[in-house]
Structures are given as C-alpha cells and as structure tokens.
Amino acid sequence: MPDNQRVFVIDGCRTPFLRSGGAFADLTACDLGRLAVSGLLHRTRVDPGAVDLLVMGTVVSDLATSNLGREVVLGCGLPASCPAYTVTVACVSSLQAALDGARAIRTGEAQAAIAAGAELLSDVPIKFRRPVRKRLMASTRAKGAGDWLKLARGLKPSDLLPELPAIAEFTTGESMGQNAERLAKRLGIGRADQDAFAAASHRNAAAAAKEGRLGRQLVPAYVPPQPKPVLADNGIREDTTPDKLARLGPAFDRRFGTITAGNSSFLTDGAAAVLLAGERRAKELGLEPLAVLRSASVVGLDPLEELLLGPALALPRALDSAGVALEDVGVVELHEAFAAQVLAVQRLLDDPGWCRERLGRDRPVGRIRPERLNAWGGSLSIGHPFGATGARLITTCVERMRHEGSRYGALAACAAGGIGIAMVLERP
C-alpha cells in the first residue's frame, strides 16, 4: 500500500576515487562496494538489521558477481535477510539506485534503504571473439582429437584477438567523446572555455581536499598487502592551469577537435553509498537527516543529438515538480563527463529560444551562478567510477548544503543511451 512518507538522506560516504591502474587494480568492484557500504554503516552507527533494502549501481559488471548488490550485502555486515539487487543505467546507475530506494520507502516496502554504486575499470571483462566463443561452447561436447580439429576449422588468426568492451553507443556507433566534440562545435563552445572550466574543477577540488571537506566523505581503503590505507583521491591536480591543459592534443578529432584528456573525465576505480530512510524510521533510530528528497526527474533523449544533454531536460522538470526556481537553489552539482557538456547544459538552460522550443517555457530556466556549481570539484578532477558517481553527487550535494547553509540543492547527470536524472533536495 502507498505510504508517501518523506524520504530523508541521512548520510553518504565513498572510497577514495583512484585513477584506474592504481592501488585498487587488484581488487574487485565487490571489494570496493563492501568498503563503501560497511563504511556507511560504521559512520551512521545504524543497526544493520534496520536496513530493509540495498540497491547497487554498476556498469561494467563481472559475471562472477552479476548481482553485485547481493554480494555486497553478504560481505559488508548487513544481514542475509536484507534483499538487494543491481541496476545498470550507465553513468546514472547509483542515482537510479537512490530513486529505487526512495520509491520503496514511499510505497512502504522499506523503511530504510542503502543506494550504492561501484566500478573497477582497472580490470574490465575482455571477451573472445564470437567465432572462438562458439567453438569453446561446442568444445564441451568434444570427445577426441578429431572433434578438436573440426572445431579449429575456419578460424582465422584475427578471430583470436581479444574483443575489448565497446566504448561506442550501440545505436549510433558514436563514442561519447565524439558526441561531445560535435556538441561543442554545434554550440560554439571553444577550447579555452573548456580548459578554463576543467582547471577550475581541479582548483576547487584541491581546495576542498586541503580544507578537509572532501575528507569527511572518505572511508579508509585497506588494500592488502599494503600496511597503510588509501586515504585520498589521486586524480586531483592542484597545479593544473588552463595553460597546461592547452598543450594537450585533441583526443577525438585530431585536426579540429577541442575535447582532450584534460577536459574529459578519466577512467576511475571507486565506490560510494548513501543511506536513505523514511521519516518514521529516522525518528525511531534517532537519525539526523541531512536533506529531504523533494523531487526527481528521469528523461530519455535522442542519443545522437542530445546524448549529453540529460541535465538540461531533467533539471527543469525536477525544479518544477519541487516548486523551486533555479535562482533559489544554493548548491548545484552536475556530473562533469566533459567540460564541454557542462558548459552546454549551462548555456541551454539560459537560452530563451532553446527553452521555448525544447522545454515549452516562456522564459529561460536561468543561469547557474559559477560559485554555486560544483564548488568542491567534480568528475573532471575527483574522478568518475561509472556506477558510483551518482551516489557521490548526492553525498557532495548534501554536505555542501550543510556547510553553506543552503536550503535547496539540486544535482543532475547525463548517461549513455541519452538518459538524464535530476534531483532536488531540501534541508529539513
């Protein structure tokens, strides 16, 4: 039966986010997920038996832990009676996990839920090509050397090459970077503006880390056999400047491009988790919430022309649903897939013609003030473990709201396939 009680964000935390190939390279996404969720339980001091559901986001999954959420439950201190499942919605996977947890609370199916996400891009599954896979499956019925020789017939040397995970959109054949390149050209977003935005992301993250604001989010990550834990993100470059970024060559359009490794998010390993609770359970357990989930919006867009523009559609809808104007939102967190993508979203939200034609609005949504946007850095500097970024956005948003005394916070992210998710939060 519908319950419709308010959903509180109690707290959130994450592992350090590390560039792929670093200290987490020999772990698994399951290891990282357990670290984040067990850290959340320790931080909040909540009785594990009071958690009714765990929803886990991940993108590049390991077949050995295909239901990553359930494996995390069984290895992090939650009781086996806690159900769990895994969602995959590209870069917004753990935002979808949070929406699923909130829905379960609002319908009375759960009173407290954990929304989490994990990604280990240091060790992605690499397949054999289909001709080899077919023969390997058939080999289980081979009875002798003759059968094995038959299986080898028709194989070409190229068939033995590994099949790397695709980085292109299945429907368009275009990579996200190529799409960002076209978007930047279409809107006239220049290289200098992109590099300036990326440098600011690193500068903001470095300042937040130095002042201990990011440190509160982090749980120590012990990685055997190293005796000391990993305690900090390693993608933040305090000395990054627009001039240094300007020296990097284009990554997708070698002749005329503006998208580079410096103004794009990098491959990252990490995990994050958020505790959600209904109003009654929060009172029963004496939990002090950081925010109330006021509204959310999920949108689907054309993956060719609007792949990266999910926040431009989802954020206005979430604001309207909450009855809040953009200028009243003190904290804004946007996923930084590319500097060009964030700059495009900002421009379109303040464009009267686009807002009229695409959103049906008489006036623009408005301008996001620079000091309110990603003030503690973002995916360009902190990193982007696909499945975990959404939970990091929620955690950073509520932490900033508390730190800055803001009543409203909003967050949004784009995802492969042309998906966008946005949320509006309010301090209780």
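**View 1. Chemical character of the lining of the largest cavity in the predicted model.** The residues that line this cavity divide into eight nonpolar, no polar and no charged. They are Val-9, Ala-98, Ala-102, Leu-276, Leu-293, Ile-394, Met-423 and Leu-425, and the elements that give two or more residues to this lining are the helix α3 (93-106) and the strand β10 (419-426). The enclosed volume is about 50 Å³, and the structure holds one cavity of 30 Å³ or more.

**View 2. The largest pocket and the residues nearest its centre.** This pocket contains about 1300 Å³ of space and has a lining of 33 residues, of which Ala-166, Ile-167, Ala-168, Leu-267 and Phe-386 lie nearest the centre. By residue class, the lining of the largest pocket comprises 23 nonpolar, seven polar and three charged residues.

**View 3. The second largest pocket and the elements that contribute to its lining.** Here the space amounts to about 290 Å³, and 17 residues form the lining, with Phe-197, Gln-346, Pro-370, Glu-371 and Leu-373 lying nearest the centre of the pocket. Two or more lining residues come from each of α7 (191-210) and α11 (339-349), and α7 supplies the largest share, six residues.

**View 4. Residue classes around the second largest pocket.** The lining of this pocket divides into seven nonpolar, four polar and six charged residues; among the residues nearest its centre are Phe-197 and Glu-371.

Technical notes
Residues are numbered from 1 along each chain as its sequence is written. This is a predicted model: local features need pLDDT of at least 70, side-chain atom pairs count only at pLDDT 80 or more; totals for chains, interfaces and linings use all residues. Side-chain values use heavy atoms; hydrogens and water are left out. On a 1 Å grid over the protein atoms alone, a cavity is a set of points where a 1.4 Å probe fits but cannot get out, and a pocket is an open set with protein on both sides within 12 Å along at least five of seven lines; lining residues have an atom within 4 Å of a point. Grid points are joined across faces, edges and corners, and a volume is the space filled by probe spheres set on the points. Helices (H or I, at least four residues) and strands (E, at least two) are DSSP runs, numbered from the N terminus. Ala, Val, Leu, Ile, Met, Phe, Trp, Tyr, Cys and Pro count as nonpolar, Asp, Glu, Lys and Arg as charged, and the others, Gly among them, as polar.
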